[in-house]
Amino acid sequence: MHGNKFRHNLLTALLLGPAAAWLVVFLVLPFIAIAVFSVGERAPEGGYQAAFTLAQYANLPARATAFWNTMMLAPMGALACLLVAYPVAYYLALQAAQRWRLILLALVVIPFWTSLLMRTYAWMYVLGGRGIPALLAYVGFEDIRLINTPGAVLLGIVYGYLPLMILPIYVSLERLDRRLLEASADLGATPLSTFLGVTLKLSLPGVMTGFSLVMILLLGEYLIPTLLGGGKVFFIGNALVDLFLQSRNWPFGSAIAITLVLVSVVVLIAANRISTRVSGARRVDLI
């Protein structure tokens with residue numbers, strides 16, 4: 001009896017060991033290093049100098065613009081992704097013919113086969129002076145500026161992260177018991193009442209999963225604000241690149257990174273609570 005239990009525990013340890021080692025080496029240890037850096041001081045030549053101070057955290061308001069842009073545009077971008085993604089996921093899961101569903105899902109995923117850098121560069125041309133503004137000028141609308149604006153950043157966010165929002169919602173809707181929709185209709189509920197009371201409520205775990213995933217990724221976004229914001233729309237990711245690679249102020253950059261992690265944890269906790277209260281789901285999965 002004890003021998004079987006020992007072998008079972010040994011097998012479990014062997015199966016979990018590689019994954020646990022991977023997480024420790026590439027997640028836990030770097031996080032500890034960043035936490036240590038965050039309470040240090042910048043060395044005279046740049047980098048890290050051992051110390052114990054909370055001055056870096058007290059200096060966070062110095063990057064208030066980056067925090068403000070991120071805290072405003074990241075939720076707005078995630079919400080815009082949700083508003084576009086839900087009708088698409090709804091059609092794929094509940095309306096599209098079975099023989100076309102796989103093809104349509106492939107079309108959703110295909111943009112991921114191309115580098116985000118290349119796709120963002122394409123939007124730079126579309127929104128730049130020789131793209132849409134040139135067409136608008138041709139029909140009489142002069143001096144329309146689209147590139148290097150928050151709107152351009154939001155558009156790039158929606159385009160870049162839309163598949164990550166569609167797929168979790170699609171999974172929730174695809175698992176929906178169609179008999180519940182029929183029962184709601186038989187009991188006299190209007191289509192809108194059925195959607196709000198049954199479809200939307202039961203798909204909320206997928207909604208919160210997609211929203212949390214996109215939101216967390218946007219908190220550290222760097223590429224889209226750089227290219228479509230033109231240096232005028234800074235995210236926290238842009239501040240981190242500046243602090244670590246240019247200013248070489250590793251302690252301050254580490255303090256911002258720790259703050260970013262804490263914000264991500266808050267987002268996950270909030271998503272879990274909302275999902276649990278509204279739909280009764282146990283948690284929001286990001287897998």
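## Report on a predicted helical chain

Val28 sits in helix α1 (residues 2-38). Helices here are DSSP runs of H or I with at least four residues, strands are E runs of at least two, and both are numbered from the N terminus. This is a predicted model, in which local features need pLDDT of at least 70, side-chain atom pairs count only at pLDDT 80 or more, and totals for chains, interfaces and linings use all residues. Residues are numbered from 1 along each chain as its sequence is written, and side-chain values use heavy atoms, without hydrogens and water.

**Confidence.** pLDDT is the predictor's confidence in each residue, from 0 to 100. The protein chain has a mean pLDDT of 88, and 95% of its residues reach 70 or more. Confidence is lowest in helix α8 (residues 178-186), with a mean of 84, and highest in helix α2 (residues 55-58), at 94. Over residues 281-287 the pLDDT is below 50. That stretch has 17 contacts in the model beyond near neighbours in sequence. Contact means heavy atoms within 4.5 Å.

**Annotated domain.** An unreviewed UniProt entry lists residues 67-271 as "domain: ABC transmembrane type-1". UniProt positions follow the numbering used here, feature names are shortened, and annotations may be inferred rather than shown by experiment. Over residues 67-271 the chain is 79% helix and 0% strand. The end C-alpha atoms are 21 Å apart.

**Surface patch.** Val28 is partly exposed, at 38% relative accessible area. Buried means under 20%, exposed over 50%, and partly exposed in between (1.4 Å probe, protein chains only). Val28 belongs to a nonpolar surface patch with Trp22, Leu23, Val24, Val25, Phe26, Leu27, Leu29, Ile32 and Val36. Together they have about 950 Å² of accessible area.

**Loop residues.** Most residues other than glycine have a negative phi. Asp143 has a positive phi of about 55° although it is not a glycine. Arg248 also has a positive phi of about 55° and is not a glycine.

| Residue | Loop | Relative accessible area |
|---|---|---|
| Asp143 | between α6 (132-138) and α7 (150-174) | 77%, exposed |
| Arg248 | between α12 and α13 | 33%, partly exposed |
| Asn249 | between α12 (236-246) and α13 (250-279) | 17%, buried |

What is Asn249 in contact with, leaving aside its neighbours within four places in sequence? The residues are Arg42, Gln56 and Leu243.

Conventions. Patch = residues over 30% accessible without salt bridge, like charges linked within 9 Å, V, L, I, M, F, W, Y side chains within 5 Å. Areas by Shrake-Rupley, 256 points an atom, 1.4 Å probe, with all protein chains shown as cover. Salt bridge = Lys/Arg side-chain N within 4 Å of Asp/Glu carboxyl O.
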